Amino acid sequence: MPGFKGTLKHFFDRKTFEVHAVTDVSFKITRGEIVGFLGANGAGKTTLLKMMCGLIHPSRGLVDVCGFSPQRRQTAFLKEITLVMGQKQQLIWDLPPMDSFYVNAAVYGLADFEAKERINELADMLEIGEELTRPVRKLSLGQRMKAELLVALLHKPSVLFLDEPTLGLDVNAQARVRSFLSEYNKKTGATILLTSHYMADITALCPRVICIHKGNLFYDGDLDSLANSLSPSREVKVELKNPCSRDQFDKYGEIQDFNDRFISLLVSRDKLTEIISNLLTNFDIIDLEISDPPIDQLIGELFIKGEVN
Amino acid sequence: MRIFGLSFKVIKTLLTTQYAYMLEYRIEIALWALSGVLPFIMFSLWSQNDVGNTFGLNDIGLARYFLSAFLVRQFSVVWVVFSFEEDSLSGRLSPYLLQPLHPLLRYVAAHLAEQATRLPFALAIAITFFILNPSSFWIPSLPQVFLAYLSTHLAFSIAFLLQSLVAALCFWTEKSSALERLIFVPYLFLSGLLVPLAAFPSNVLKVAMLTPFPYLINFPAKILSGMTVDIFNGFLAQILWISILIPSVNILWKFGVKRYTAMGA
């Protein structure tokens, strides 16, 4: 109840309720995979990530990461993982990132030469240099995120939990973070678990996606298959040399748009090759374009539906 | 070399980094040091009313006691509950929990670094005090300085553990800093910050000595100012309180951390 009355009532009759943030989720991820977690806000993605890295204790069920029970937070486990949150930072705000690097290096037991070597290696990969000696508060968001990634990866973790790592970054900075993560995965064989609302992150990095809706897993598989099942058709746009009648195209697919020489058709994926071949044989075609409906749009619809056909 | 399970390198890196961080806030810390002049206010109050003689202290004794109380307070002041509460509610605690270092040790390092930053300001205030009250000037003996230094560190440890106990309640309540007031009020009256405990009636004093508060200011301040003090029992009580508080904080932390929901992160 809002307002003064509600505030008074809250003092004497505080209502609490239980939320099952994650209820039925089972999956296995093999070493070196990059997996994207998809779901609307509040679907349970971040909760899942927090359980896997050991921040939250699950009330039931079993979580096993690299043979460890994450919630026990054993030192050996903590040295295997890292968590990067796009909206939170672990760098010390008023000091240069370099200071935070040396604190982490000491905490994780890295020798000085090893820490320097690692910082240089990651700084090269992230294309960041002199910014590391400027106070964090004076860095741009993109530079800060690079420094956050560097500090989080200093101890060579084999499992990376990334929660919205490109949040708020401009298009170029997002692309740089993506290419770094991809390169890091190839170079080190690290497993990456990623949540992001930017579909570009998912399409660029994650061959496999896990979709969560209201705490339940409803899809676990490769992104292409998900796109296929979400949209069984592809859009074919044709530009003809000579005008034709609409009924000539009825048998090829569902006509979306038509005007004399321009036709847009929705064609079933499994008949696509055959239909394109027929169109090229039967018509004098100047230009032909085949496209998927935008993945953002498909995933957006998926979040609303919460199921895959 | 390891101290309390931590390598010397970790301790050194944490302390130097935190010291660099505190230096960024040196003006704020100077103001905090200045804001700790309560013992001087109490000194002027007591000396003007000539109350010191009633509990066996002349003006010079009172001045030395309150200056010592000021210095002890400067190096045993604790604010972990406020930082911890903010970090816990904003989710900044999450990365700390995922590192192989107990999060409370970071706060210990921050406190020690802050004390080092306070040192020149506290000394400057002490020198000003002597200029204004030249008759109260004294140089404590080396054993006095050593014992006062030791007992001040133990006092800091007790204060830190007491507040950590309250801070750990952050896992259950969103405003554990409000509960800290429950400690602050008895601390104010029973620690010797407002008046030397010798001024208390004997039955109140007996009860006060059963709490940890007299060992936070009164005991180290009495050593430093050269007053008569039961050194053995004082240190014994400080160590006893630390040995009670360490497992208490550990138990509360162990249960509390299971309830951590990583809000805001």
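How many residues does the contact take from chain A, and how many from chain B? In this predicted model, the contact takes 24 residues from chain A and 22 residues from chain B. The views below start there and then move through each chain.

**View 1. Where chain A touches chain B.** Here's the contact itself, with 24 residues from chain A meeting 22 residues from chain B. On the chain A side, four elements each put in at least two residues: α2 (45-53), α3 (75-78), β2 (81-85) and α4 (97-107). Of these, α4(A) brings the largest share, 5 residues. Sort the chain A side by class and you get 14 nonpolar, 4 polar and 6 charged residues.

**View 2. Chain A and its two domains.** Chain A is built from 11 helices and 10 strands. The domain assignment splits chain A into domain 1 (21-227) and domain 2 (232-291). Look for the C-alpha centres of these two domains: they sit 44 Å apart. The C-alpha atoms of chain A take up a box of roughly 75 × 55 × 40 Å along the principal axes. As for the radius of gyration, chain A comes out at 25 Å, whereas a compact globule of 309 residues would be near 19 Å.

**View 3. Chain B as a whole.** Chain B has 12 helices and 2 strands. Following the sequence, the order is β-β-α-α-α-α-α-α-α-α-α-α-α-α. With a radius of gyration of 19 Å, close to the 18 Å that the globule rule gives for 265 residues, chain B is as compact as a globular protein of that length. The box for its C-alpha atoms, again along the principal axes, is roughly 55 × 40 × 35 Å.

**View 4. Helix α8 of chain B against helix α12 of chain B.** Now zoom in on α8 (residues 142-167) and α12 (residues 231-257) of chain B, whose axes come within 9 Å and cross at roughly 30°. That angle makes α8(B) roughly parallel to α12(B). The crossing of the pair is left-handed. On the α8(B) side, the residues to pick out include B:Leu147, B:Ser151, B:Leu154, B:Ile158, B:Leu161 and B:Leu165. Facing them from α12(B) is a set including B:Ile231, B:Phe235, B:Trp241, B:Leu245, B:Val249 and B:Leu252. Taken by class, the residues of this α8(B)–α12(B) contact are 15 nonpolar, 6 polar and no charged.

**View 5. Helix α8 of chain B against helix α11 of chain B.** Stay with α8(B) and turn to another partner, helix α11 (residues 218-225) of chain B; the two axes are 8 Å apart and the packing angle is about 170°. α8(B) and α11(B) are therefore roughly antiparallel to each other. From α8(B) come B:Gln144, B:Leu147, B:Ala148, B:Ser151, B:Thr152 and B:Ala155, and from α11(B) come B:Phe219, B:Pro220, B:Ile223 and B:Leu224. That contact has 7 nonpolar, 3 polar and no charged residues. It's worth keeping an eye on B:Leu147, B:Ser151 and B:Ala155 of α8(B): they meet residues of α11(B) here, and they are also among the α8(B) residues in the contact with α12(B).

**View 6. Helix α5 of chain B against helix α9 of chain B.** The last close-up shows α5 (residues 80-90) and α9 (residues 176-190) of chain B, packed at an angle of about 165° with their axes 9 Å apart. So α5(B) runs roughly antiparallel to α9(B). The crossing of α5(B) past α9(B) is right-handed. B:Val81, B:Phe82 and B:Glu85 come from α5(B), and what they meet in α9(B) is B:Ser176, B:Ser177 and B:Glu180. Which classes turn up in this contact of α5(B) with α9(B)? The split is 2 nonpolar, 2 polar and 2 charged residues.

Conventions: Residues numbered from 1 in each chain as written. Chains lettered and ligands numbered in written order. Predicted model: local features only at pLDDT ≥ 70, side-chain atom pairs only at ≥ 80, totals over all residues. Axes fitted to C-alpha atoms, helices over the stretch in contact; angles between N-to-C directions. Parallel < 35°, antiparallel > 145°, perpendicular 65-115°, else oblique. Left-handed = near helix turned anticlockwise from the far one by under 90°. Contact = placed C-beta atoms within 7 Å. Nonpolar A, V, L, I, M, F, W, Y, C, P; charged D, E, K, R; others polar. Domains from an automatic or database assignment. Rg over C-alpha atoms; globule rule 2.2 N^0.38 Å.
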